Amino acid sequence: GYRPALSALEASILARFEGVIMRNIIRTEICDMLGIEYPVILAGMGVVAGPALAAAVSNAGGLGVMGVINLNPQQIRQWIRQVRELTDKPFGVNLSVGLCPRIDEMRDVAIEERVPVIFTAAYRADDHGHRIKDAGLKWVHKVASVQHAMAAERQGADAVVIVGMEGTSFKSIHQLPTLISITSAIRVMKVPVIAAGGIADARGFLAALAMGAEGIYMGTRFLA
């Protein structure tokens with residue numbers, strides 16, 4: 001199938017993991033669910049995670065997620081089409097409830113364009129999630145606490161990202177460090193749990209898997 005030559009950025013991303021994650025050695029449930037080689041997900045950071053970075057991560061075997069918080073619906077459509085010119089691999093978009101100004105329209109564009117994985121974040125998102133799932137797409141919700149992860153599971157999320165206190169972005173009074181959050185969540189949850197917060201290299205990646213996470217959601221490291 002289509003596989004463009006690796007760019008310098010893609011080669012750099014792959015090199016950060018391939019020394020420890022030999023191809024096809026580590027494969028988790030989230031890989032099968034999202035159609036990716038490695039359980040490594042680019043965090044949808046504002047407008048920093050655009051088409052080029054998302055495509056680079058996807059081409060390297062992870063899941064590139066675009067941050068569209070400051071875009072209007074038409075710009076989102078353009079970004080989705082741009083990333084498809086750069087990769088034929090799965091990718092996602094991140095919609096932050098309460099922060100995206102026209103989130104219903106933004107969600108509808110992502111559904112119309114058949115974005116494989118749509119992430120929601122910040123607040124309760126089951127109305128969006130049900131529409132995403134009814135369209136036959138994957139819905140992943142990002143939370144800051146175990147109790148909110150459990151709520152997302154009850155509401156039908158295919159997987160959840162739990163961001164520990166070490167992570168950037170929004171905070172919660174219920175938020176705990178990544179180590180505590182992930183090890184607590186995997187005892188009570190059935191859907192895949194994705195770890196976020198303070199993970200910056202292969203050692204952190206393997207530690208997250210050892211805690212029971214099915215993958216990692218990482219942002220700042222891709223900008224370093």
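**Figure 1. R27 and its salt-bridge partner D32.** R27 is partly exposed, with a relative accessible area of 44%. The structure shown is a predicted model. The side chain of R27 meets that of D32 in a salt bridge, with 2.8 Å from N to O. D32 is exposed, its relative accessible area being 53%. A search of the whole structure finds 11 salt bridges, and further examples appear in the views below.

**Figure 2. Helix α3 and the glycine that follows.** Helix α3 spans residues 51–59, and 8 of its 9 residues are buried, so the helix is largely enclosed by the rest of the structure. The buried residues of α3 are P51, L53, A54, A55, A56, V57, S58 and N59. After α3 comes G61, which has a positive phi near 110°.

**Figure 3. The salt bridge between E113 and R81.** The side chains of E113 and R81 form a salt bridge, with an N to O distance of 2.8 Å. E113 belongs to the loop between α5 and β4, whereas R81 belongs to helix α4 (residues 73–86), so the pair ties together parts that are 32 residues apart in sequence. Which of the terms buried and exposed describes E113? E113 is buried, because its relative accessible area of 11% falls under the 20% limit for that class. R81, by contrast, is partly exposed at 47% relative accessibility.

**Figure 4. The packing of α4 and α5.** Two packed helices are described by the angle between their axes and by the distance between the axes. The axes of α4 and α5 come within 9 Å and cross at roughly 25°. The two helices, α4 and α5, are therefore roughly parallel to each other, an assignment that applies to angles under 35 degrees. The crossing of α4 and α5 is right-handed.

**Figure 5. E105 in helix α5.** E105 is located in helix α5. The C-alpha atoms of E105 and Q74 are 9.4 Å apart in space, while the two residues are separated by 31 residues in sequence. E105 also takes part in a salt bridge with R102, in which the closest N and O atoms are 2.9 Å apart. How exposed are the two partners of this salt bridge? R102 is partly exposed, with a relative accessible area of 39%. E105 is likewise partly exposed, with a relative accessible area of 39%.

**Figure 6. The packing of α5 and α6.** The axes of α5 and α6 come within 10 Å and cross at roughly 20°. That angle makes α5 roughly parallel to α6. What is the handedness of the crossing of α5 and α6? The crossing of these two helices, α5 and α6, is right-handed.

**Figure 7. A network of salt bridges.** Five residues are shown in this view: D104, R107, D108, D127 and R131. Salt bridges link D104, R107, D108, D127 and R131 in a network. Helix α5 comprises residues 103–112, and helix α6 comprises residues 126–134.

**Figure 8. R114, a residue with positive phi.** The phi of R114 is near 55°, which is a positive value in a residue other than glycine. R114 is placed in the loop between α5 (103–112) and β4 (117–121). With 42% relative accessibility, R114 counts as partly exposed. The loop between α5 and β4 also holds E113, the salt-bridge partner shown in Figure 3.

**Figure 9. A122, in the loop after β4.** Where does A122 lie? A122 is in the loop between β4 and α6 (126–134). Although A122 is not a glycine, its phi is positive, at about 85°. A122 counts as partly exposed, because its relative accessibility is 25%, a value between the limits of 20% for buried and 50% for exposed residues.

**Figure 10. A nonpolar patch on the surface.** Which residues make up the nonpolar surface patch? L176, L179 and I180 form this patch, which covers about 260 Å². L179 is found in helix α8, which consists of residues 178–188. L179 is exposed, with a relative accessible area of 53%, because a residue over 50% is placed in that class.

Definitions and conventions. Residues numbered from 1 in each chain as written. Predicted model: local features only at pLDDT ≥ 70, side-chain atom pairs only at ≥ 80, totals over all residues. Heavy atoms only, no water. Helix = DSSP H or I, 4+ residues; strand = E, 2+ residues; numbered from the N terminus. Buried < 20%, exposed > 50% of the residue type's maximum accessible area, 1.4 Å probe, protein only. Patch = residues over 30% accessible without salt bridge, like charges linked within 9 Å, V, L, I, M, F, W, Y side chains within 5 Å. Areas by Shrake-Rupley, 256 points an atom, 1.4 Å probe, with all protein chains shown as cover. Salt bridge = Lys/Arg side-chain N within 4 Å of Asp/Glu carboxyl O. Axes fitted to C-alpha atoms, helices over the stretch in contact; angles between N-to-C directions. Parallel < 35°, antiparallel > 145°, perpendicular 65-115°, else oblique. Left-handed = near helix turned anticlockwise from the far one by under 90°.
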